[in-house]
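User: I've got a two-chain structure to go through with you. Could you take my questions one at a time?

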Amino acid sequence: RGGSGGMRAGSGGMRGGMRAAALALLLVALRAGGTELTFELPDSDKQCFHQELERGTKFTLDYQVITGGHYDVDCFVEDPNGRTIYKETKKQYDSFPHRTEVQGVYTFCFSNEFSTFSHKTVYFDFQVGDEPPILPDMSNRVTALTQMESACVTIHEALKTVIDSQTHYRLREAQDRSRAEDLNGRVSYWSVGETLILFVVSIGQVMLLKSFFTEKRPGSGGAST
Amino acid sequence: LALYFHSGEREEKCIIEDVPTDTLVIGNYKVQRWDIHKQEFLESAPGLGMFVTVTTPSAEVLLSKLYGPQGTFSFTSHLSGEHIICLQSNSTRFVAFGGSKLRIHLDIRVGEHFLDESVVQAKDKVNEVNFRLEHLIEQVHHISKEQNYEREREEKFRKTSEETNSNILWWAIVQTLILISIGIWQIKSLRDFFISKKLV
């Protein structure tokens with residue numbers, strides 16, 4: 001994982017260095033990495049993503065289909081040994097948490113191969129996060145500034161939760177709006193079509209009926225009433 | 001850079017980002033090319049670059065630049081909506097050779113700068129807290145913008161639903177009236193027809 005907190009050059013000698021190291025460890029542990037992407041998956045296509053993970057890492061894959069067809073997609077996740085650890089077909093949205101047992105490259109793929117003409121817009125969020133290690137005893141050395149730092153980190157994590165929640169609602173709203181627009185279009189077209197059919201059929205009926213009685217000699221009177 | 005995916009040499013891969021207006025979007029990427037001889041991905045391929053194209057919801061191009069094998073691109077949205085970020089390599093090799101593909105590492109951040117822990121650690125205490133606080137303020141502003149954008153979209157959604165509702169109602173009334181009047185016309189027309197044919 002990139003961007004690990006480095007060791008700060010000790011200001012204040014050994015004691016400062018130890019404190020800095022402990023805090024750095026804490027910050028790395030709490031910081032969860034992750035990627036969220038929205039992409040378009042054409043019909044009969046498959047798109048795979050890969051990530052290298054350490055052993056014992058916890059990751060969560062959330063995905064959701066936003067637009068397209070029946071709003072469903074196939075998804076599978078494979079571990080570095082090629083074993084399928086998750087497989088679902090025609091799912092609209094799902095969340096898959098997992099703790100890795102093997103170190104290596106994990107693959108997850110979205111497949112729209114069952115669809116012949118509807119391309120889908122898929123959103124996924126791949127969060128990688130560790131549990132914090134056993135915290136070193138810092139209580140007797142915290143200064144005001146260090147408490148502010150950890151407060152900042154806590155607020156940052158809380159805001160990330162808010163943003164996640166917002167994203168969740170945004171996606172559901174996008175999906176619902178997509179359906180509503182589909183519905184509106186369908187209602188408009190079908191109403192016009194139905195009205196035309198109504199006119200054509202009823203006038204046609206009358207014309208047809210009249211034509212039954214005008215082919216023969218006029219006034220034949222053979223038809224029963 | 002953690003997540004990666006594969007792409008053909010001349011293939012264009014696009015990512016969709018739905019963002020509110022005045023939002024900073026930063027992307028970080030790294031691209032590697034598959035070497036047929038060594039049967040592995042080269043760490044750095046000289047001369048390999050990526051065209052990054054960003055299209056706004058109104059189909060105008062916001063950014064179109066050629067970057068190297070590794071790079072950072074950013075743009076600020078003027079409109080709210082779906083922006084499309086496309087990556088395509090500048091490779092001029094013939095695809096016919098086959099077996100050649102690219103590995104693209106990608107990370108995109110919306111509304112906030114990347115928080116590089118090592119950079120933060122390098123600053124002294126007061127500046128570090130200052131830096132973190134600025135980042136937090138950025139995050140909060142982004143949340144606020146997203147909420148405003150959500151309000152816009154919900155209104156559009158509600159309008160669409162209400163339009164559908166009144167559409168259905170209006171068409172139902174119109175069709176019923178047409179049905180009744182055509183029914184009456186049919187019977188009258190046939191009655192007059194049969195009377196004129198002296199069948200009734």
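User: Let's start with the salt-bridge network: which residues are linked in it?

Analyst: Keep in mind that this is a predicted model. The network draws on both chains, with A:Glu173 and A:Arg177 in it as well as B:Asp18. The residues linked are A:Glu173, A:Arg177, B:Asp18, B:Glu150 and B:Arg153.

User: In that network, how far apart are the closest N and O atoms of B:Arg153 and A:Glu173?

Analyst: A salt bridge here needs a side-chain nitrogen of Lys or Arg within 4 Å of a carboxyl oxygen of Asp or Glu. B:Arg153 and A:Glu173 form one. Their closest N and O atoms are apart by 3.5 Å.

User: And what separates B:Arg153 from B:Glu150 along helix α2 of chain B?

Analyst: These two side chains also meet in a salt bridge, at 2.7 Å from N to O. Both sit in helix α2 (residues 125-196) of chain B, and because they are 3 residues apart there, the separation is about one helical turn.

User: Does B:Arg153 count as buried or exposed?

Analyst: Buried means under 20% relative accessible area. B:Arg153 has 5% relative accessibility, so the label is buried.

User: Zooming out, how many salt bridges does the rule find across the interface of chain A and chain B?

Analyst: Over all chains the count comes to 12. The pair B:Arg153 and A:Glu173 joins the two chains. Across the interface of chain A and chain B, the number of salt bridges found is 3.

User: Which element gives the largest share of the side of chain A that touches chain B?

Analyst: The interface also holds 16 residue pairs in polar contact. On chain A's side, the elements giving two or more residues are α1 (13-30), β1 (33-41), β2 (46-53), β7 (104-111), β8 (120-129) and α2 (144-214). With 37 residues, the largest share comes from α2(A).

User: What's the make-up of that side of chain A, and how many of its residues are charged?

Analyst: Chain A puts 66 residues into the contact, and chain B puts in 60. Chain A's residues there divide into 29 nonpolar and 24 polar, and the charged ones number 13.

User: What area is buried between the chains?

Analyst: Interface size is often given as the accessible area lost when the parts come together. Carbon and sulfur atoms give 64% of the area buried between chain A and chain B. The total is about 5700 Å².

User: Back to salt bridges, within chain B now: which partner of B:Glu11 is buried?

Analyst: B:Glu11 pairs with B:Lys13 in a salt bridge, 3.3 Å from N to O. B:Glu11 is itself partly exposed, at 38% relative accessible area. The partner has a relative accessible area of 13%, so the buried one is B:Lys13.

User: How about the B:Asp107 and B:Arg109 pair: which counts as partly exposed?

Analyst: Their side chains meet at 3.4 Å, N to O, in a salt bridge. B:Asp107 has 13% relative accessibility and counts as buried. At 24%, the partly exposed residue is B:Arg109.

User: One last spot: which strand of chain A holds A:Gln64?

Analyst: UniProt lists residues 46-128 of chain A as "domain: GOLD", in an unreviewed entry. That stretch is 0% helix and 67% strand, with its end C-alpha atoms 23 Å apart. A:Gln64 is buried at 5% relative accessible area, and among the residues A:Gln64 touches are A:Tyr93, A:Val122 and A:Leu171. Its place is in residues 58-67 of chain A, strand β3.

Terms used. Residues numbered from 1 in each chain as written. Chains lettered and ligands numbered in written order. Predicted model: local features only at pLDDT ≥ 70, side-chain atom pairs only at ≥ 80, totals over all residues. Heavy atoms only, no water. UniProt positions renumbered as here; feature names shortened; annotations may be inferred. Helix = DSSP H or I, 4+ residues; strand = E, 2+ residues; numbered from the N terminus. Buried < 20%, exposed > 50% of the residue type's maximum accessible area, 1.4 Å probe, protein only. Contact = heavy atoms within 4.5 Å. Buried area = accessible area lost by both parts, 1.4 Å probe. Polar contact = N/O pair within 3.5 Å; in protein donor to acceptor, adjacent residues only side chain to side chain. Nonpolar A, V, L, I, M, F, W, Y, C, P; charged D, E, K, R; others polar. Lists of a residue's contacts leave out its neighbours within four places in sequence.
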